[in-house]
Amino acid sequence: MKLNYKLENLERIASEILEQAKSKYILFSGEMGSGKTTLIKELVKKLGSHHQVSSPTFSLVNEYEGENSAIYHFDFYRIEDETEAYDMGFEDYLDDSHYVFIEWPEKISNLWPEHYSHVKLEVNENQSRSLTLNEF
């Protein structure tokens, strides 16, 4: 799935991702400022959470309670080595009963789940975004 969107279309885009993604493990790639956290905020809201969503850049993970399950939001931007993710128990969060959103997944490429959805975000010249959703 490939889409172009602006911020005012974010609610619709989040709904489409949740409808199209075949996995509850969703990896988000894109340059700094491409909208990964903003999109995850809308996804968490769509999943029924009323929590204030923020990037877990320093804590590595934030947990939100959704309508039907927990939602784990990881941000691996600041880690130097994927052993840091392993040491914090990342693999314990990989349970099909809840959503796992991962920003900067390239930092932990050896720890990716076997099956996952991958969202790649790009900023266009007019400040709209291009989103590509692939399944692995």
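How exposed is E11, in terms of relative accessible area? E11 is partly exposed, at 47%. I begin with this residue because E11, with that partial exposure, takes part in one of the salt bridges I wish to present. Please bear in mind throughout that this is a predicted model.

Let me turn to the salt bridges. Searching the whole structure gives 2 of them. In one, the side chain of E11 meets that of K46, with an N to O distance of 3.3 Å. This pair connects distant parts of the chain: E11 belongs to helix α1, residues 10–20, and K46 to helix α2, residues 36–46, with their positions 35 residues apart in the numbering. K46, like its partner, is partly exposed, and its relative accessible area is 34%.

The other salt bridge joins R12 to E16, whose closest N and O atoms are 2.8 Å apart. Here both residues sit in helix α1, 4 residues apart, which is about one turn of the helix. As a general point, an α-helix has 3.6 residues a turn, so residues three or four places apart point the same way. R12 is partly exposed, at 42% relative accessibility.

Helix α1 also has a buried set: L10, I13, A14, I17 and L18. These residues lie on the same side of α1, because the arc they cover around the axis is only 135 degrees. What covers them? The elements over the buried residues of α1 include the strands β1 (2–5), β2 (25–29), β5 (99–103) and β7 (129–135), together with helix α2.

Helix α2 appears again at the largest pocket, whose lining draws its largest share, 4 residues, from α2. The volume of this pocket is about 210 Å³. It is lined by 18 residues, and those closest to its centre are G33, S34, G35, K36 and T37. By class, the lining comprises 7 nonpolar, 6 polar and 5 charged residues.

My final item is F76. Where is this residue found? F76 lies in the loop between β4 (70–75) and α3 (83–87). Is F76 buried or exposed? Its relative accessible area is 0%, so F76 is buried. Setting aside neighbours within four places in sequence, its contacts are L60, A85, F90, I102, E103, W104, K107 and I108. As for F90, which is 14 residues from F76 along the chain, the C-alpha atoms of the two are separated by 11 Å.

Conventions:
Residues are numbered from 1 along each chain as its sequence is written. This is a predicted model: local features need pLDDT of at least 70, side-chain atom pairs count only at pLDDT 80 or more; totals for chains, interfaces and linings use all residues. Side-chain values use heavy atoms; hydrogens and water are left out. A salt bridge is a side-chain nitrogen of Lys or Arg within 4 Å of a carboxyl oxygen of Asp or Glu. Helices (H or I, at least four residues) and strands (E, at least two) are DSSP runs, numbered from the N terminus. Buried means under 20% relative accessible area, exposed over 50%, partly exposed in between (1.4 Å probe, protein chains only). On a 1 Å grid over the protein atoms alone, a cavity is a set of points where a 1.4 Å probe fits but cannot get out, and a pocket is an open set with protein on both sides within 12 Å along at least five of seven lines; lining residues have an atom within 4 Å of a point. Grid points are joined across faces, edges and corners, and a volume is the space filled by probe spheres set on the points. Ala, Val, Leu, Ile, Met, Phe, Trp, Tyr, Cys and Pro count as nonpolar, Asp, Glu, Lys and Arg as charged, and the others, Gly among them, as polar. The arc is that of the directions from the helix axis to the C-beta atoms. Contact means heavy atoms within 4.5 Å.
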